[in-house]
Amino acid sequence: MPLIESGADEFYLAYLDIDWLNQYGYYIEYNRRGSYKNRACFESQDDFKKAIQLIKKYHKSVYLTCNSINVVKEQLPYFEKIISFFAECGGDGVIITNVLLIDIVKKYHLKIAISSCSNVTTTYGALYWKKLGAHKIIFPRDITIKEIHEITSTVTQIEYEAFIFNGACKFVDGNCLGLHGIGPSMCVYLDSQPSTFYHHDSSPLSNNEQISLKMNRYFYQRLFNESCGICALYELNQSIDTIKVVGRLMDVKSIIPEVKLLKKNIELLPQCSSNMEYLKKCYKAKDFLNDKYCVNIENCYYKETTHE
């Protein structure tokens with residue numbers, strides 16, 4: 001309810017399915033956050049259903065996350081059980097990565113949203129999913145605005161979504177084999193451990209290369225925790241249908257200010273005739289959230305955006 005009151009129009013969620021857990025445990029995830037248990041998923045079908053009903057009461061959209069990258073045929077009955085229950089609850093669509101789930105989603109007349117983990121960065125990728133019946137494509141975190149414009153102007157009559165806040169992992173979503181929920185995420189854990197790096201020919205790094213590597217680690221943490229794309233909103237608005245605030249692992253209280261800030265800037269867009277005008281007028285994260293944002297471009301989702 002607080003997120004709806006703050007201006008959120010679309011939601012994505014999942015629940016901990018007991019049959020899936022009995023067969024595969026927590027760390028083979030159907031939604032890429034199951035191992036975080038109740039931090040990221042509803043613990044019961046009843047709570048899951050109540051959340052969907054509340055969202056639909058206010059005429060908002062809701063999607064189920066089934067965005068596991070690796071799916072095998074033996075898992076399809078479990079996916080079908082989860083997806084059919086979501087359809088029964090009145091959900092709108094399913095976020096998927098693996099093509100094996102297409103027919104199940106269609107069977108229950110739900111919209112197909114293609115996850116950022118599918119790594120659509122070309123017109124060929126977008127066209128492939130459109131031909132299979134996708135309703136929406138969610139762009140990966142590492143895409144550029146130029147690539148977005150090229151894809152959306154070429155492959156039309158399909159919706160597109162882009163990230164705007166939080167979770168801007170520097171690694172490519174489509175190649176992620178990280179394990180979540182075991183202490184820190186595996187990729188974060190490995191990135192924080194003492195290590196020595198070499199060139200492919202085993203020669204040591206120069207001092208400048210070692211400094212660059214340390215800076216890269218520092219900015220990874222900044223990018224992941226204080227990532228923002230508000231300055232790119234005017235340019236994204238030319239191509240994007242929905243904007244995503246990452247928040248399955250976050251406290252609702254920390255997401256509300258981000259949703260409110262995003263809503264204020266969306267309402268500002270019609271008053272701006274150019275990107276530069278928008279950049280001058282927009283409400284920035286450093287002023288409305290905290291001063292860790294906007295220190296430099298390293299925690300920007302879209303670094304190529306023109307800055308003041």
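# Structural briefing: a seven-stranded parallel sheet with helices

Among contacts in the chain between residues at least 6 apart in sequence, 71% join residues at least 24 apart. The model is predicted. Its chain contains 13 helices and seven strands, and 47% of the 308 residues count as buried. The chain exposes about 15,900 Å², of which carbon and sulfur atoms supply 53%.

**The sheet**

- The seven strands form an open sheet in the order β1-β2-β3-β4-β5-β6-β7, and their pairing is parallel.
- The edges are occupied by β1 (10-13) and β7 (242-245); each has a single partner strand, so one side of each is left without a neighbour in the sheet.
- From one strand to the next, the twist averages 30 degrees.
- β1 and β2 run parallel and are joined by four bridges. Within this pairing, L13 has L64 in β2 as its bridge partner.
- Strands β3 (residues 93-96) and β4 (residues 111-114) also run parallel, with four bridges between them. In this pair, G93 stands opposite K111 of β4.

**Helices on the sheet**

- Helix α3 lies across β1 and β2, and runs at about 145 degrees to β2.
- Helix α4 (residues 76-89) packs on the sheet as well, where it touches β1, β2 and β3; the direction of α4 makes about 170 degrees with that of β2.
- The two faces of β1 are unlike in cover: F11 and L13 belong to the covered face, whereas E10 and Y12 belong to the uncovered one.

**Salt bridges**

- The structure holds ten salt bridges.
- K81 forms a salt bridge with D17, in which the closest N and O atoms are 2.8 Å apart. This pair links distant parts of the chain, since K81 is in helix α4 and D17 is in the loop between β1 and α2 (18-24), 64 residues apart.
- The two partners differ in accessibility class: K81 counts as partly exposed at 28% relative accessibility, while D17 is buried, with a relative accessible area of 1%.
- K81 also forms a salt bridge with D19, and here the closest N and O atoms are 2.7 Å apart. This second pair again links distant parts of the chain, namely K81 in helix α4 and D19 in helix α2, 62 residues apart. D19 counts as partly exposed, at 34% relative accessibility.
- A salt bridge within one helix is formed by K281 and E277, both in α12 (residues 275-281), with the closest N and O atoms 2.7 Å apart. Because K281 and E277 are four residues apart in this helix, about one helical turn separates them.
- Both residues of the α12 pair are partly exposed: K281 has 40% relative accessibility, and E277 has a relative accessible area of 22%.
- E10, K136, E161 and K244 are linked in a network of salt bridges. Of these, E10 also belongs to the uncovered face of β1.

**Backbone conformation**

- Most residues other than glycine have a negative phi.
- R32 has a positive phi, near 60 degrees, and is a residue other than glycine. R32 is located in the loop between α2 and α3, and counts as buried at 11% relative accessibility.
- H109 likewise has a positive phi, of about 55 degrees, although it is not a glycine. H109 is placed in the loop between α5 (102-107) and β4. With a relative accessible area of 73%, H109 is exposed, whereas R32 is buried.

**Surface**

- A nonpolar patch on the surface is formed by M1, L54 and Y58, which together have about 230 Å² of accessible area.
- Y58, one of the patch residues, is found in the loop between α3 (45-57) and β2 (61-66). Y58 is partly exposed, with a relative accessible area of 31%. Patch residues must have over 30% relative accessible area, so the value of 31% for Y58 meets that cut-off.

Technical notes: Residues are numbered from 1 along each chain as its sequence is written. This is a predicted model: local features need pLDDT of at least 70, side-chain atom pairs count only at pLDDT 80 or more; totals for chains, interfaces and linings use all residues. Side-chain values use heavy atoms; hydrogens and water are left out. Patches are made of residues with over 30% relative accessible area and no salt bridge: like charges are joined within 9 Å, nonpolar side chains (Val, Leu, Ile, Met, Phe, Trp, Tyr) within 5 Å. Accessible areas come from the Shrake-Rupley method with a 1.4 Å probe; for residues, only the protein chains shown count as cover. A salt bridge is a side-chain nitrogen of Lys or Arg within 4 Å of a carboxyl oxygen of Asp or Glu. Buried means under 20% relative accessible area, exposed over 50%, partly exposed in between (1.4 Å probe, protein chains only). Contact means heavy atoms within 4.5 Å. Two strands pair if DSSP finds at least two bridges between them. Axes are lines fitted to C-alpha atoms, for helices over the stretch in contact, and angles run from 0 to 180 degrees between N-to-C directions.
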